[in-house]
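User: I would like to learn how to read helices and strands in a model of this kind. Please take one feature at a time.

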Amino acid sequence: MTTRAEVLVGTAAAAPAYGPARRPFVSARTRELLALLATGTLLVGAVLFYVFQHIQVVRLGYEVERLRGERSALVEQGRALTLEAARLRAVKRVEEVARGELGMVAPAPGQIVVVR
Amino acid sequence: MRSIDPQSAFRNPQSVAGGTVHRLRVALVFVVLTASLAVLLGRLFTLQIRDHRGLAERASRQYRRLVPLTSKRGTITDRNGRELAVSLQAPSVFAQPSAVADAEGAAAALAAHLPLSRTQLLERLHADKPFVWLARQVEPAQAEAVARLNLKGIGLVAESRRLYPRQELAAHLLGFVGVDDRGLEGIEFQYDALLGGKPRWVVAAQDALGRVVFRDEAEPTDRETFDVVLTIDEVIQYITERELERAVARSRARAGTAIVMDPRTGEVLALANWPTFNPNLYQQAPADDRRDRAAVDTFEPGSVFKVILGAAALEEGVVHLGDRFYGENGAIEVGGVTIRDHERYAWLTFEDVLAQSSNVGAIKVGLRLGKTLYYNYISGFGFGSLTGIDLPGETPGLIRRPQKWSQVSLGALSIGQEVSVTPLQLLTAFAAVANGGELVRPFVARALRRQDAETVRTFGPLKLRRVISAATVRALAVPLQAVVREGTGKEAAVDGYSVMGKTGTAQKLDRATGRYSHRKVVASFVGAVPVEDPRLAILVVIDEPQAHAWGGAIAAPTFREIARETLKYLRVPPSPPAERRVASAAQGAGVYHIAYATRGPR
């Protein structure tokens, strides 16, 4: 029975005699595997990138809506402050404060001098 | 060495059997995988190709929805940008009765925070409707309390609430807005389409929780809202309202109206009515208080109407300033009716007829003019027609055609009876006298602005027609100044300024007896200041004063106070000394040019 060793020896013996046998740095199979791996990595990477973009868009969509809400709230706050300022600046209120709290009076006709 | 056939080395029966099994396994796996792939591809084909449209529509219905764009109702400001009406978000509480788990508990909890009783809330929560309001536009603190309760079937939605920070100021002019954010009166109603815009929607994509993820950008359309800038000035409006309130209180009158206008342009600087109301609480105000008497109420003007008579008579040349009229000792009979003066006069100049408001003299002027000519001038000055002011509900008043006049009508119309006018009509007519003879359209909206403050449209003065010549105006100014200088309108004199005007005390018709009442009168004063360059035309009308019941006693001093404070505020320089003023009145203050301008919206 032929042993494995004898097969290997026979195989080696059948090899052309080019000199001492040199094994390639990267074998063909390895190159094939690497190529396959690279292709797979590229494909998976592309898919992941596509999904990542989609997720980013959705995330940014939420962010935009959140900022819209924040902006609306700030605009509303501005309006409320405008309203309060308008109420405080009302002429009737100003006169009441001027007369009641500050003791001011309207100038008498003779107190107004027109300078041309 | 014996050669070895590598192939034969494997032709081991046991190896051959193992190889076949291996190949069978590989083949089986291949078949299974291929079958699975085929199933997947088939499913993919079904979903993506065959059923694509239907499934896409179903998905779209789930994740797409319409989002309302809540654009705020436009702000109303005075001519200087001071806010008079502003909208804020106000939360409203609603319930979906079918979704409420424990109505009793919910009603008890909500009653502590909302302005409804437990019974009222329970009634609404048991309503056979998918949606009910519990409370509209509540305070933020109330909304927060409701939100904290976290009751199933109870929710909050933001609505727009209209607020008037100056309270009663210019209430009749502004009007008010109903719960659904639509204008119901005044400017709010007149410009509702521009203030409120129309509902806008954009398409948005939502996630499984209903949160919006994307939304389409809204296209700018003609549905946007605008801010309205009025012609009124907050300070002048306040002065007018304050003095009117004092006059009504002092005379214990039923009501009052005061209007301030720029006679050169027709801009209404102030429009005040008493009684008034707070538009923030309009539901609590009686309808009578909310009525804009200036544009809606009519009255028989009485002696102030003699201005129209005088203008017509001078324009037609039937009367000259130096003409004299016999006062018939204070009584004259017209068409079988005796009409009296308040004093017994003998001879009066035309100037005295107006200055002393002689009815006898006025009737004689009217008889000279004749009914056809007089009617033409009455309608030429705008009586019997709408002024065209941009406020709702204006009435045209009433003046009958000459063909329907009775024997006494010419006499009655000469003293301002048998004609009903609105305060706005009366002031607009007098403004034509003040500005040199041209009737202008009064208006209250000055400009429209986008909510980013960019002005998109301005409304300017609109000259309607020339009614009388500048020469007639100059002549008429002489007796009208005499009214204030030495006549019935002495209380209207403003220190340092030349004033022209006319008083009126018109008896009101007693509907019970069908006769003119001696107790119920309308006291009025209309005037312009300063005469040489009128900046203000002011009308004061006091309805049924119980004390100081005549125009010279209550309306004229109110005119004076409004004019004095307003002239001070506007920094209008005092008039030149009297001698130069009379000279300039005789030479003419000049023709006032009013440019044609864009018509405003109706």
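Analyst: The turns below go through chain A, then some helices and strands of chain B, in what is a predicted model.

User: How many helices and strands are there in chain A?

Analyst: Chain A has three helices and zero strands, and its pattern along the sequence is α-α-α. Of its 116 residues, 1% count as buried.

User: How does the length of helix H20 (residues 551–570) of chain B agree with what its residues should span?

Analyst: Multiply out the rise of 1.5 Å a residue: the 20 residues should span 28 Å, and the end C-alpha atoms lie 26 Å apart, which agrees. Burial is a separate matter: 14 of the 20 residues are buried, so H20(B) is largely enclosed by the rest of the structure. After H20(B) comes B:Arg571, with a positive phi near 55 degrees.

User: What do the buried residues of H10(B) pack against?

Analyst: The general idea is that an α-helix has 3.6 residues a turn, so residues three or four places apart point the same way. Helix H10 of chain B covers residues 234–251. Its buried residues include B:Ile236, B:Tyr238, B:Ile239, B:Leu244, B:Ala247 and B:Val248, and also the charged B:Glu234, B:Glu241 and B:Glu243. The buried residues pack against helix H3 (91–100) of chain A, and in chain B against strands S9 (255–261), S10 (268–274) and S21 (536–543) and helix H20. Just after H10(B), B:Arg252 has a positive phi of about 55 degrees.

User: At what angle do H13 and H16 of chain B cross, and which residues make the contact?

Analyst: The axes of H13 (residues 306–316) and H16 (residues 371–380) of chain B come within 10 Å and cross at roughly 120 degrees. The crossing is right-handed. From H13(B), the contact uses B:Ile308, B:Ala311, B:Ala312 and B:Glu316; from H16(B), it uses B:Leu373, B:Tyr374, B:Tyr377 and B:Ile378. Seven of these residues are nonpolar, none is polar and one is charged.

User: Which residues lie on each side of strand S8 of chain B?

Analyst: In a regular strand the side chains alternate between the two faces of the sheet. In S8(B), residues 227–230, B:Asp227 and B:Val229 lie on one side, with B:Val228 and B:Leu230 on the other. These residues are all buried, and both faces are covered.

User: Which strands pair with S8(B), and in what sense?

Analyst: Strand S2 (residues 76–77) of chain B pairs with S8(B) in the parallel sense over two bridges, and B:Ile76 stands opposite B:Val228. Strand S16 (residues 445–449) of chain B pairs with S8(B) in the antiparallel sense over four bridges. There, B:Leu230 is opposite B:Ala445.

Conventions: Residues are numbered from 1 along each chain as its sequence is written. Chains are lettered from A and ligands numbered from 1 in the order in which they are written. This is a predicted model: local features need pLDDT of at least 70, side-chain atom pairs count only at pLDDT 80 or more; totals for chains, interfaces and linings use all residues. A residue is buried if 20 or more other C-beta atoms lie within 10 Å of its own, exposed if 12 or fewer, and partly exposed in between; C-beta atoms are placed from the backbone. Axes are lines fitted to C-alpha atoms, for helices over the stretch in contact, and angles run from 0 to 180 degrees between N-to-C directions. A crossing is left-handed if the near helix is turned anticlockwise from the far one by less than a right angle, and right-handed if clockwise. Two residues are in contact if their C-beta atoms, placed from the backbone, lie within 7 Å. The expected span of a helix is 1.5 Å times one less than its number of residues. Two strands pair if DSSP finds at least two bridges between them.
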